[in-house]
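Where are the pockets in this chain, and what lines them? Keep the model open and follow along.

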Amino acid sequence: MKLNSEQLELILEVMDRGNFSAAARALNRVPSAVSMAIANLEAELNLQLFERSKNHLQPTEVALSIEPHARLIVTKMRQLEMHLTELSMGLETHLSIGVSADINQKFLLAGIEHLTQRYPLLNIEMVCAPQQELKTRLQNNEIDLYVAYSSSNIDINQRFRLLGVEKFVAAISPKDAQQLKAHHKNELTMLSEFRQIIVATKHLPLPDPRILVSDSCWYTDNLSMAIHMVEQGMGWGNFPLSVVSEHFTKHSLVRLEFSDTTNGLDMPIHAVWPSYKPLSKTIQLLIELWTKEVFE
């Protein structure tokens, strides 16, 4: 005999409720119909699922043995039904999201977690790369949208939505910080004399030329690598405060102090997508989650 999802739901409901009457109320059926359905099922299976007493039903070892499989199947069926409903509403089955390599990804993942809780069968691909590469991938339709810091160049082929603001701070290794202090170098212009570590792709134009301060630069496509390079005394870097604050606490990095200005630059974070492509319902919801729940 082949069990269907309705029969499995019936078995689980009786197990959870402990009697036919409560299960019937949950299923919007009469108790006699539920009792008869279980009896017919036991007869067809030639197995006893419940030990009956006057006031209570006790699942047998047979019922307990199939319970995990039944719950998994019922959960998957409900997810499938939900997914079919989503598709009928015009929601995607797949979403490809680009994330700039120098962004605090924990913020974004929190929003995506909320999205997948609502749409558990949605397939999501995460692409992490320097901002210039993400722009190219968007143009080539390899990703649906990307999240990055604002660029000084306006691209008429792209639309964007502000998600929040991140503060960038100049950081250096403790050893290099001591040397600067010993030589009384505490002005912003002195950074041009030191090697700068930049999270970017060297062979593509920088999204914002203003981030280039030093005459000598080393490039990496990974924020974690850039931080480690600065910690090892290979140069200085401009990093998101939400990421490097723990490094300041551990004293593996030092936040520079300038006599002529403050060390902190507010950088707007944008979600970017093609101007010719209207925002889907899924992406609209994701942007709302990022804005309201993540970056506030």
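What follows moves from the pockets to a helix pair and then to single residues. The model is predicted.

Start with the largest pocket. It holds about 720 Å³ of space. Its lining is made up of 37 residues. Find Phe168, Arg210, Ile211, Asn238 and Leu265, since these lie nearest the pocket's centre. Several elements of secondary structure contribute to the wall. Helix H6 (131-139) supplies at least two residues, and so does each of the strands E6 (158-172), E7 (196-199), E9 (236-240) and E11 (265-274). In chemical class, the lining has 23 nonpolar residues, 10 polar ones and 4 charged ones.

Now turn to the second largest pocket. About 400 Å³ of space lies in it. Here 21 residues form the lining, and Lys135, Tyr146, Ser151, Asn153 and Gln158 are the closest to the centre. Two or more lining residues come from each of H6, strand E5 (145-149), E6 and E11. H6 gives the largest share, with 4 residues. By class, this lining divides into 10 nonpolar, 8 polar and 3 charged residues.

Which residue of the largest pocket's centre deserves a closer look? Take Ile211, one of the residues nearest that centre. Isoleucine 211 sits in the loop between E7 and strand E8 (217-220). Is this side of the loop buried or exposed at isoleucine 211? Neither word fits: isoleucine 211 is partly exposed, because its relative accessible area of 31% falls between the 20% and 50% cut-offs. Beyond its neighbours up to four places away in sequence, isoleucine 211 touches Gln196, Ile198 and Leu206. Threonine 189 is 22 residues from isoleucine 211 along the chain, and their C-alpha atoms are separated by 13 Å.Next comes H6, where glutamine 131 is found. Glutamine 131 has a relative accessible area of 10%, so it counts as buried, the limit being under 20%. Which residues does glutamine 131 contact, leaving aside those within four places in sequence? They are Ser100, Tyr146, Ala148, Tyr149, Ser151 and Pro207. Tyr146 and Ser151 were named above, among the residues closest to the centre of the second largest pocket.

Follow the chain on from H6. Asparagine 141 lies in the loop between H6 and E5. This asparagine has a positive phi of about 60°, although it is not a glycine. Asparagine 28 also has a positive phi of about 60°, again without being a glycine. Its place is the loop between helix H2 (20-27) and helix H3 (31-45). Asparagine 28 has a relative accessible area of 70%, which is over 50%, so it is exposed.

Strand E6 offers a buried position. Leucine 163 has its place in E6. With a relative accessible area of 4%, leucine 163 is under the 20% limit and therefore buried. Compare its position with that of glutamate 193. The two are 30 residues apart in sequence and 35 Å apart in space, C-alpha to C-alpha.

Now look at a pair of helices. Two packed helices are described by the angle between their axes and the distance between the axes. Helix H8 (residues 223-231) packs against helix H9 (residues 241-249) at an angle of about 35°. Their axes are 12 Å apart. The crossing of H8 past H9 is right-handed. Which residues meet there? From H8 come Leu223, Ile227 and Glu231, and from H9 come Val243, Val244 and His247. By class, the residues of this contact divide into 4 nonpolar, 1 polar and 1 charged.

Leucine 253 ties in with this pair. It is found in the loop between H9 and strand E10 (254-255). Is leucine 253 buried or exposed? Leucine 253 is buried, because its relative accessible area of 2% is under 20%. Leaving out residues up to four places away in sequence, leucine 253 touches Ile227, Val230, Glu231, Val244, His247 and Phe248, among others. Its contacts also include Ala171, Ile172, Ser173 and Pro174. Ile227 and Glu231 in H8, and Val244 and His247 in H9, also take part in the meeting of the two helices. Asparagine 263 is 10 residues from leucine 253 in sequence and 14 Å from it in space, C-alpha to C-alpha.

Methods: Residues are numbered from 1 along each chain as its sequence is written. This is a predicted model: local features need pLDDT of at least 70, side-chain atom pairs count only at pLDDT 80 or more; totals for chains, interfaces and linings use all residues. Side-chain values use heavy atoms; hydrogens and water are left out. On a 1 Å grid over the protein atoms alone, a cavity is a set of points where a 1.4 Å probe fits but cannot get out, and a pocket is an open set with protein on both sides within 12 Å along at least five of seven lines; lining residues have an atom within 4 Å of a point. Grid points are joined across faces, edges and corners, and a volume is the space filled by probe spheres set on the points. Ala, Val, Leu, Ile, Met, Phe, Trp, Tyr, Cys and Pro count as nonpolar, Asp, Glu, Lys and Arg as charged, and the others, Gly among them, as polar. Axes are lines fitted to C-alpha atoms, for helices over the stretch in contact, and angles run from 0 to 180 degrees between N-to-C directions. A crossing is left-handed if the near helix is turned anticlockwise from the far one by less than a right angle, and right-handed if clockwise. Contact means heavy atoms within 4.5 Å. Buried means under 20% relative accessible area, exposed over 50%, partly exposed in between (1.4 Å probe, protein chains only).
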